[in-house]
Amino acid sequence: MRIVAALALTFAVAGFAPAGQNARRPVLEDDAVVDRIAEDYVKLVLALGQHDGDYVDAFYGPSQWKLAAETTKVDLTTIASKAAELTAALGREREPAEEMSRLRLHYLQRQLSSLAARVRMLKGERLTFDEESRALYDAVAPTYPDSHFQEILDRLDKRFPGSGPLVERYDAFRRAFVIPRDKLDAVFQKAIQGCRERTLAQVALPPGERFTVEYVTGKSWSGYNWYQGGFRSLIQVNTDLPVYIDRAIDLACHEGYPGHHVYNALLEKHLVKDRGWIEFTVYPLFSPQSLIAEGTANFGIEVAFPGGDRIAYEKAELFPLAGLPAARAAEYYDVQGLVDQLAYAGNEAARRYLNKEIDAAKATAWLERYALMPHDRAAQRVRFFDQYRSYVINYNYGKDLVRRYIESRGGTAEHPEKRWAEFAALLSSPRLPSGLQ
Ligand SMILES: [Zn+2]
């Protein structure tokens with residue numbers, strides 16, 4: 001297979017390669033044309049990153065490309081026309097016979113149209129929540145009426161009888177399951193070990209893969225994976241708010257194994273190193289790739305810890321380490337199972353808020369009532385909406401789409417080996433959200 005370094009030979013580093021000249025380059029194979037477009041796509045993502053600080057989530061391609069983006073600072077109009085040019089060039093390509101090459105072509109086309117939408121947004125175009133998620137993430141999450149959540153809340157109300165808002169009764173119950181700050185790292189490291197062992201038993205990870213963990217404050221998210229390239233990640237855990245015991249496994253799986261860290265490492269191994277597909281050295285956050293990333297990271301939790309395995313592990317390992325009552329683990333997860341059914345409440349709050357039907361105070365109150373988030377957490381979530389907007393659908397709708405896709409291919413809970421195999425294959429391919437349906 002080609003190596004990545006060979007791609008840089010043909011074109012000047014700072015500028016973009018001329019696109020759409022495949023007719024004049026009959027000696028090049030089809031792949032070589034797509035490789036050139038892919039290189040320009042990476043440079044375009046880096047250029048847009050100069051206008052949007054959150055856009056480039058990871059980049060481990062040639063460092064001089066990043067430097068060139070910083071010094072050149074291409075304007076948004078030029079970025080938009082370059083994206084259109086690259087899209088047109090891709091449109092002239094033949095549909096490849098090999099599935100992975102076909103997925104690659106469609107991936108580049110869709111990532112570029114998402115990039116173009118992000119440019120329009122930065123230039124002031126207003127999209128509705130659903131228009132935005134379709135344009136950026138290639139998916140529209142289902143809408144639920146308030147009554148859908150109210151039914152679940154009614155069941156929880158019976159579980160926590162009493163007066164006062166349900167969120168307060170639920171929060172009082174949950175306070176007994178906060179990981180003490182001085183035990184957080186030990187518990188989290190143990191959770192990572194459990195996630196890693198289970199993943200390693202099923203997925204061939206590149207040798208030398210590893211990550212470091214940092215504890216941070218003042219963020220709108222609860223955890224973040226910063227992929228560094230070379231099969232390494234930096235994982236940050238936000239300790240602004242209490243960290244409940246379920247977050248240990250959730251975060252260790254989601255950010256680490258078999259979630260973001262594994263996803264990025266497998267893309268680097270299979271697509272960048274083995275195939276020389278340079279476009280995967282950059283990860284634009286507001287793009288269809290994020291639905292696959294978040295959906296697999298969330299679904300990966302139950303792939304790694306199916307059924308009762310999770311409670312058994314938590315009772316034996318995590319609750320004792322955290323000094324929490326292991327005898328109450330089943331009770332805690334019973335309640336969490338019910339609360340998890342409120343997952344789409346966050347989307348509804350975001351949709352109404354970003355469509356300007358409700359303001360920040362109302363969105364916070366809505367999350368307190370329908371998503372059972374205590375006030376501080378609800379306020380943090382609204383700050384997340386401000387920063388990441390319709391990105392919220394990638395977590396819950398992404399998880400549902402990934403589950404449906406893997407189960408439709410026989411990767412059901414009853415066939416765990418097949419489920420792991422389908423999961424690893426999805427993590428190693430450039431499949432689009434619309435390709436999961
Ligand atoms: Zn994530």
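## A first tour of a zinc-binding model

With a relative accessibility of 11%, V167 counts as buried, because buried means under 20%. This model is predicted, and V167 is a handy place to start exploring it. From there we can visit the nonpolar core, the zinc ion, the largest cavity and a few unusual backbone spots.

**Around V167**

- Look for V167 in helix α7, which covers residues 166-174.
- Leaving out residues up to four places away in sequence, V167 touches E368, L372, M373 and P374.
- One of these partners, L372, is also listed among the residues with the most contacts inside the largest nonpolar core.
- V167 and R102 are 65 residues apart along the chain, and 48 Å separates their C-alpha atoms.

**The nonpolar core**

- In soluble globular proteins, nonpolar side chains tend to be buried together.
- Here, the largest nonpolar core has 146 residues.
- Which residues have the most contacts inside this core? They are I79, L115, L156, I245 and L372.
- Helix α1 (residues 30-49) gives this core its largest share, eleven residues.
- L115 touches L44, V45, L48, Y55, I79 and A83, again leaving out residues up to four places away in sequence.
- Among those partners of L115 is I79, another of the residues with the most contacts inside the core.

**The zinc ion**

- Which protein donors does the zinc ion have? They are H254 and H260, each through NE2, and E294 through OE.
- These donors lie 2.0 to 2.1 Å from the zinc ion.
- Along the sequence, the donor residues follow the spacing H-x5-H-x33-E.
- The two histidines, H254 and H260, are both buried.
- H254 falls within the range of α9 (246-256), and H260 is the residue at which α10 (260-273) begins.
- In the loop between α9 and α10 you will find P258, and the peptide bond leading from Y257 to P258 is cis, with omega near 0°.

**Cavities**

- The structure holds four cavities of 30 Å³ or more, and the largest has about 50 Å³ of space.
- The lining of the largest cavity is made of A58, Y60, Y227, N264, L267, F280, T281, V282, Y283 and Q289.
- Seven of these lining residues are nonpolar and three are polar, while none is charged.
- Helix α10 (260-273) and strand β5 (282-284) each supply at least two residues of this lining.

**S429 and its partners**

- S429 sits in the segment after α18 (416-427).
- Is S429 buried or exposed? Its relative accessibility is 7%, so S429 counts as buried.
- Beyond residues up to four places away in sequence, S429 touches M100, L103, L267 and L271.
- L267 links two topics, as a contact of S429 and as a residue that lines the largest cavity.

**Unusual backbone angles**

- D138 is not a glycine, yet D138 has a positive phi of about 65°.
- You can find D138 in the loop between α5 (129-137) and α6 (146-159).
- D138 counts as buried because its relative accessibility is 11%.
- R389 also has a positive phi without being a glycine, here about 55°.
- R389 belongs to the loop between α16 (375-388) and α17 (393-408).

Conventions: Residues numbered from 1 in each chain as written. Predicted model: local features only at pLDDT ≥ 70, side-chain atom pairs only at ≥ 80, totals over all residues. Heavy atoms only, no water. 1 Å grid on protein atoms, 1.4 Å probe; cavity = no way out; pocket = protein on both sides within 12 Å on 5 of 7 lines; lining within 4 Å. Points joined across faces, edges and corners; volume = space filled by probe spheres on them. Helix = DSSP H or I, 4+ residues; strand = E, 2+ residues; numbered from the N terminus. Nonpolar A, V, L, I, M, F, W, Y, C, P; charged D, E, K, R; others polar. Buried < 20%, exposed > 50% of the residue type's maximum accessible area, 1.4 Å probe, protein only. Contact = heavy atoms within 4.5 Å. Core = buried A, V, L, I, M, F, W, Y, C linked by side-chain atoms within 4.5 Å. Donors = N, O, S within 2.8 Å, 3.2 Å for Na, K, Ca; no water.
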